[in-house]
Amino acid sequence: MDALYIEVKGIVQGVGFRPFVYTLALKNKLFGWVNNDDKGVNIHLEGNSLNIKNFLDELEKNPPPLAKIDSINTKNIKIKNYNSFEITKSETTSNKSTIISPDMAICQDCINDIKNENNFRYNYALTNCTNCGPRYTIIKTVPYDRVNTSMSKFEMCDDCKKEYEDPTNRRYHAQPVSCQKCGPQITLFDKQNQILATELEAIKEITSKINSGQIVAIKGMGGFHLICDATNEKILKELRKRKNRPSKPFAVMFKDIQQVKEFAEISIKEEEIILSKEKPITLVKSKKNLLSFEVAPHIDRVGCFIPYTPLHIILFNYLDNPIVATSANLSDEPIIRSKDELLKKLGNVVDFVLDFDREIINACDDSVVQVVNDELMVLRDARGYAPTSLKLDKKVDKKILALGANQKSTIALAFEDNLVLSPHIGDLNSLRSMEYFQRTIKTFESFYDFRPELIVCDKHPNYESVKWALNQDIEVVQIQHHYAHVLSTMAEYKLDEEVLAFSFDGTGFGDDGNIWGGEVFLANRKSYKRVNHFNYFRLLGGEKSIKEPKRVALSLLFETFSLEEILELKIPTVEAFFQNEIKLMHTIWQKALNAPLTSSLGRVFDAIASFANIVQTQSYEGETGLQIEMAYKNEIKESYSYELKNGVISLEKAIKQIVKDNNKELICSKFINMLVEIVLDISKSYDLPIILTGGVFQNRTLLELITKKLEENKRRYYYSKRVPLNDGGISIGQIYSQC
């Protein structure tokens with residue numbers, strides 16, 4: 001007989017790991033115990049050596065579906081002659097390192113429970129088990145026990161307690177377990193905060209409001225959604241008016257995958273992701289004229305997802321159509337967690353609120369993904385995926401906190417050999433967002449008893465996160481924005497070699513004080529050298545030009561033509577201004593008055609949208625890129641000209657050619673084809689692996705065209721898939737620079 005002590009680290013709490021171990025030990029006729037502590041799961045095994053080997057093989061190869069094992073450490077110990085196997089009480093130490101599990105969509109077993117009239121959880125809208133339900137959003141600290149969650153105030157009834165204490169039941173130690181009798185309750189409120197109905201009647205009543213064309217708010221797993229009928233043009237126009245959201249697309253929740261297929265064209269891979277245990281919002285091609293035009297004006301994509309909570313599933317028993325389900329928040333603020341805050345901030349938007357009394361401790365938005373090259377690409381890392389953990393190739397000698405960027409903010413932590421990325425926080429452009437940013441830091445510090453010894457942040461002097469970092473009495477290292485983009489991709493693939501990196505996005509503070517965004521680097525984990533960049537041009541009016549693509553296009557015209565020549569041009573950009581405005585802008589350009597220099601490729605996309613008369617004023621970030629991608633035609637093979645000279649990518653020739661074209665498909669297609677050629681052209685000079693990173697590469701068409709050409713040329717390349725390649729991955733890159 002042998003005895004073995006086993007330590008398992010990773011996402012191993014709240015995922016049914018102990019009952020899995022218990023069942024596995026009984027199956028292999030082994031004795032001992034299993035427990036949790038704030039580092040992971042500990043196992044004491046005694047028995048036949050072959051049985052122990054079989055136990056370890058299955059533990060490693062077939063863990064519970066929601067578990068993610070980072071390490072299994074074993075050591076031989078003295079036999080204590082146990083005669084049974086038990087699950088023992090959780091232990092607490094001063095060294096917390098258990099990785100917190102993301103929230104998970106309802107599993108099929110729980111769906112069966114709420115649909116079974118003979119089950120005591122029939123139609124109970126907060127049903128869950130070990131394999132699904134809330135985790136991150138309800139936890140205050142580790143270990144993940146009920147007392148440390150927002151379920152602590154709900155005392156289990158005898159039926160729930162029986163399941164909770166049975167190691168062979170899938171609800172064994174499922175901390176949010178409850179039922180109609182003992183758990184959180186559903187309540188419907190009007191906008192005056194008056195109770196109108198409870199439980200199933202509340203659900204029936206709210207669906208009646210949706211069907212009749214009203215705007216409501218419904219509490220989800222990590223925050224509230226604003227919801228209305230996705231086929232009702234009139235109410236969607238009203239929602240846009242009330243929310244002051246002119247054209248930014250809304251996500252749509254469908255009853256099931258069959259209904260998704262009625263409204264959208266989806267691939268096998270997209271179907272797989274929509275149905276996955278994470279159930280993210282997935283960007284797919286919409287079918288024409290079925291959903292309201294107002295869902296996603298001027299684009300042929302729709303962000304679709306299916307019910308991921310029991311409440312959503314019960315709602316669809318009474319809904320007539322798909323629903324818009326968009327995050328309830330004010331512009332630039334995080335998703336709202338509580339009914340009172342929602343009524344205070346969005347009382348003028350919603351007509352009714354459906355709430356339940358399980359508190360959301362940690363807000364968490366819906367994840368957004370797309371399929372590129374038949375693989376998952378995460379665009380917003382949140383519910384279902386985050387917190388995201390990566391294993392470092394060696395332990396860090398300091399506890400490191402990284403603060404990410406100002407847009408699509410996330411934070412990341414490094415301790416021991418763990419690298420943890422927080423869920424999406426949002427844009428840090430408001431006091432409320434900064435409060436949420438700071439609360440997220442405190443939350444993760446609490447999870448891991450983490451006190452940073454080093455803070456890594458951006459170089460931009462006006463980022464709120466940078467100001468916060470410099471006010472802490474802790475060592476600070478600042479990392480250039482586009483280099484952090486490169487490092488985030490390197491971190492995902494654990495690359496430790498020199499690379500040729502194309503870092504293309506909208507905005508980042510450059511080493512020369514200008515706004516970068518079209519950079520090519522030679523880089524490794526410790527240093528970088530800029531070898532190419534798009535030629536600088538001026539942003540007329542600074543930040544204002546980001547909202548007005550016509551200003552960016554006009555600036556590129558100023559770089560290429562004389563004022564007199566521009567005034568004679570009969571193109572959409574020039575026609576979008578009065579002639580005296582153009583003369584004023586020319587003065588601003590000449591004298592560099594509030595007209596900073598930029599090399600941003602993201603801004604060049606804006607200019608192309610203006611030249612093609614797609615958008616002259618945009619209402620949300622990325623609008624120009626989406627519409628340019630929609631206008632791309634595969635049959636158009638021509639490309640605009642460019643010059644590579646002394647490390648500068650000049651588009652002067654391209655601009656001269658663009659003003660002669662008057663077809664948007666032609667302009668957009670030739671522009672994207674040119675970018676593909678630029679990447680290939682520069683790549684030929686370096687025998688190095690290639691990194692494609694930054695928000696510009698969210699453009700699926702561009703990325704797939706480039707990667708196809710690189711494969712044809714047998715080049716090794718990488719782009720982020722699991723970590724967002726937009727600013728949501730910056731904090732991971734900042735951490736990697738110090739590891």
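Biologist: Which backbone nitrogen lies 3.0 Å from a polar atom of the side chain of Thr598?

Modeller: The one that belongs to Ser600. Please keep in mind that we are looking at a predicted model.

Biologist: What makes that pair a polar contact?

Modeller: The pair sits at 3.0 Å, and the limit for two N or O atoms is 3.5 Å, so the distance passes. The side chain of Thr598 has another partner too: the backbone oxygen of Ile515, at 2.9 Å. That value is also within 3.5 Å, so the same distance limit is met.

Biologist: Why is Thr598 called buried?

Modeller: Its relative accessible area is 0%. Buried means under 20%, so Thr598 qualifies. Thr598 belongs to strand β28, which covers residues 597-598. Beyond its sequence neighbours up to four places away, Thr598 touches Ile515, Asn535, Tyr536, Phe537 and Leu539.

Biologist: On to the annotated site. Which residues does UniProt list for "active site"?

Modeller: Arg18 and Asn36, and the listing comes from an unreviewed UniProt entry.

Biologist: How do you know that they gather at one spot?

Modeller: The two residues span 19 residues in sequence, yet their C-alpha atoms are no more than 7.9 Å apart, so they come together at one spot. Arg18 and Asn36 are also both part of the lining of the second largest cavity.

Biologist: What makes Arg18 count as buried?

Modeller: Arg18 has 6% relative accessibility, and the cut-off is under 20%, so Arg18 is buried. For Asn36 the value is 2%, so the verdict is again buried.

Biologist: Where does Arg18 lie?

Modeller: Arg18 is in helix α1, residues 17-27, whereas Asn36 is in strand β2, residues 31-37.

Biologist: Which residues does Arg18 touch, not counting residues up to four places away in sequence?

Modeller: Val34, Asn35, Asn36, Ile87, Thr88, Ser90 and His173. You can see Asn36, the other listed site residue, in that set.

Biologist: Which residues does UniProt list for "domain: Acylphosphatase-like"?

Modeller: Residues 3-89, again from an unreviewed entry. In the model this span is 28% helix and 41% strand, and its end C-alpha atoms lie 21 Å apart.

Biologist: Why is Val8 called buried?

Modeller: The relative accessible area of Val8 is 0%, and under 20% is enough, so Val8 is buried. Val8 sits in strand β1, residues 2-11. Setting aside neighbours within four places in sequence, its contacts are Phe17, Gly40, Val41, Ile43, Leu59, Ile69, Ser71 and Ile72.

Biologist: Now some strands further along. How many bridges join strand β18 to β21?

Modeller: Four, and the two strands run antiparallel.

Biologist: What makes β18 and β21 a pair?

Modeller: Pairing needs at least two bridges, and these strands have four, so they pair. Two of the facing positions are easy to find: Lys391 stands opposite Asn418, and Ser389 stands opposite Val420.

Biologist: How many bridges join strand β20 to β21?

Modeller: Four again, with β20 (residues 412-415) antiparallel to β21. At least two bridges are needed, so β20 and β21 pair as well. Here Phe415 has Asn418 as its bridge partner. Two residues lie between the strands of this hairpin, and Glu416 has a positive phi near 50°.

Biologist: Which residues of strand β21 are buried on one side and on the other?

Modeller: Asn418 and Val420 are on one side, Leu419 and Leu421 on the other, and all are buried, which covers both faces of β21. In β18, Thr388 and Leu390 point one way and Ser389 and Lys391 the other, and these are all buried too.

Biologist: Last topic, cysteines. How many disulfides does a search of the whole structure find?

Modeller: Zero. A disulfide is a covalent bond between the sulfur atoms of two cysteines.

Biologist: How do you know that Cys228 is in no disulfide?

Modeller: The nearest cysteine sulfur, in Cys304, is 17 Å away, and the limit is 2.5 Å, so Cys228 has no bonding partner.

Biologist: What makes Cys457 too far for a bond?

Modeller: The closest cysteine sulfur to that of Cys457 is in Cys739, at 16 Å, while the limit is 2.5 Å, so the pair fails. Cys457 is buried, at 0% relative accessibility, and Cys228 is buried with a relative accessible area of 0%.

Conventions
Residues numbered from 1 in each chain as written. Predicted model: local features only at pLDDT ≥ 70, side-chain atom pairs only at ≥ 80, totals over all residues. Heavy atoms only, no water. UniProt positions renumbered as here; feature names shortened; annotations may be inferred. 1 Å grid on protein atoms, 1.4 Å probe; cavity = no way out; pocket = protein on both sides within 12 Å on 5 of 7 lines; lining within 4 Å. Buried < 20%, exposed > 50% of the residue type's maximum accessible area, 1.4 Å probe, protein only. Contact = heavy atoms within 4.5 Å. Polar contact = N/O pair within 3.5 Å; in protein donor to acceptor, adjacent residues only side chain to side chain.
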